[in-house]
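Okay, thanks for making time, everyone. I've got one model to walk you through today, so let me put it on the screen.

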Amino acid sequence: MTPWEMLAVLAAGACAGAVNTVVGSGSLITFPVLLATGMPPVTAAVSNTLGLIPGSISGAIGYRAELGGQGRRILKMSVGALLGGLTGAALLLTLPATAFERIVPALVGLALVLVIFQPWIGRSVRRRRERVSGTAHPDGGPLLLTGLTLAGVYGGYFSAAQGIIYMSLMGVLLDETVQRLNAARNVLVAVVNTAAAIFFLFSADFDWTAVALIAIGSALGGSIGARVGRRLSPAVLRGLIVAVGTVAVVQLLRP
């Protein structure tokens, strides 16, 4: 990389770290920048996943207050995220890119619909639970674990917009505030990215320079993003998720 390319990757990492912490989809910033440097797509995807891990961790730390009381729930969900992330990473190196490219926009689009209608859907689900059992499952039950595991497969394959899918699933099946869900999302993204990274370290080609630059930038951006995101109202945060997700769908549909 030239010095200007290195600066661009560092800046993209910082922006991606901040965006990932607040709403997700930061890979839509870093991945194209890596491709612009001439890096092969798979190498760029692997380097991007490795580099964004510090940003996910710093973002989760920034949301530590909202993580209070969620330890047991997140531990259960992280098991599914771990398995999903490893599976998705393996698929990235074995399946043709077109296999997932055809369904990724549809998955993200469906997640956006769920986010938009989450308050109404959540109230309907809670009313139904109260009629049937009287209490809501504190961990979302097997349905949420299965959904998050499948979302983790997608995240391990291509990390962009995975957080939006997590938010949509948890928002429907958990009776929690948007900020607490966002805190859990940051942890799950960190788990998926770390699982995929461990797999890639032993089985894929990556660019250490790109990884280091994105890691430095994303760690800084993740910390800043947490400070900003925690101050946003639920309506504003939901609106940002929808806006960024819409941009993600448009980007993914482009030839």
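I'll go from the overall fold to one helix pair, then to the core and a few single residues.

One thing up front: this is a predicted model, so please keep that in mind as we go. On the fold, we have 13 helices and zero strands. If you read along the sequence, you just get α after α, α-α-α-α-α-α-α-α-α-α-α-α-α. The protein has 255 residues, and 51% of them count as buried. As for how the chain comes together, take the contacts with a separation of 6 or more: 82% of those are between residues 24 or more positions apart.

Right, the helix pair. I'd like you to look at α1, residues 3-22, and α12, residues 208-229. How do their axes cross? They come within 6 Å of each other, at roughly 35°, and the crossing is right-handed. From the α1 side, the residues in the contact include Met6, Val9, Leu10, Gly13, Ala14 and Gly17. From α12 you get, among them, Leu213, Ile214, Gly217, Gly221, Gly222 and Gly225. Sort the contact by class and you find 11 nonpolar residues, 10 polar and no charged ones. Glycines count as polar in that tally, in case anyone was wondering.

Let's stay with α12 for a second. This helix has 22 residues and spans 30 Å from first C-alpha to last, close to the 32 Å expected at 1.5 Å a residue. Its buried residues include Ala210, Val211, Leu213, Ile214 and Ala215, and also Gly225, Ala226 and Gly229. And what's covering them? The cover includes α1, α2, α3, α4 and α11.

Two of those covering helices are worth a stop of their own. First up is α3, residues 41-51. It's mostly covered, with nine of its 11 residues buried. Those are Thr43, Ala44, Ala45, Val46, Ser47, Asn48, Thr49, Leu50 and Gly51. They pack against α2, α4, α5, α11 and α12. Then there's α4, residues 53-62. Here the buried residues are Ile53, Gly55, Ser56, Ser58, Gly59 and Ala60, and their cover includes α1, α3, α11 and α12.

Back on α3, I want to pick out asparagine 48, which sits in that helix. Is it buried or exposed? Asparagine 48 has a relative accessible area of 2%, so it counts as buried. Leaving out residues up to four places away in sequence, asparagine 48 touches Ser27, Thr30, Phe31, Leu34, Ser159 and Ile214. Ile214 is one of the α12 residues in the contact with α1, so to speak a familiar name by now. Serine 27 is 21 residues away along the chain, and its C-alpha is separated from that of asparagine 48 by 7.2 Å.

Now, the core. The largest nonpolar core has 50 residues, and the ones touching the most other members are Met77, Tyr166 and Met170. Which helix gives this core its largest share? That's α11, residues 178-203, with 11 residues. Zoom in on methionine 77: beyond its neighbours within four places in sequence, it's in contact with Leu144, Leu145, Leu148, Met170, Ala184 and Leu188.

One of those partners, leucine 145, is in α9, residues 141-157. Leucine 145 comes out at 37% relative accessible area, so it's partly exposed. Past its close sequence neighbours, up to four places away, leucine 145 touches Lys76, Met77 and Gly80. Lysine 76 is 69 residues away along the chain, yet the two C-alpha atoms are separated by 7.8 Å.

Last residue, I promise: glutamate 176, in the loop between α10 and α11. Where does it fall on accessibility? At 22%, glutamate 176 counts as partly exposed, because the cut-off for buried is under 20%. Again setting aside residues up to four places away in sequence, it touches Arg73 and Leu181.

That's my tour. Happy to take questions.

Terms used
Residues are numbered from 1 along each chain as its sequence is written. This is a predicted model: local features need pLDDT of at least 70, side-chain atom pairs count only at pLDDT 80 or more; totals for chains, interfaces and linings use all residues. Side-chain values use heavy atoms; hydrogens and water are left out. A nonpolar core is a set of buried Ala, Val, Leu, Ile, Met, Phe, Trp, Tyr and Cys residues joined through side-chain atoms within 4.5 Å. Buried means under 20% relative accessible area, exposed over 50%, partly exposed in between (1.4 Å probe, protein chains only). Helices (H or I, at least four residues) and strands (E, at least two) are DSSP runs, numbered from the N terminus. Contact means heavy atoms within 4.5 Å. Axes are lines fitted to C-alpha atoms, for helices over the stretch in contact, and angles run from 0 to 180 degrees between N-to-C directions. A crossing is left-handed if the near helix is turned anticlockwise from the far one by less than a right angle, and right-handed if clockwise. The expected span of a helix is 1.5 Å times one less than its number of residues.
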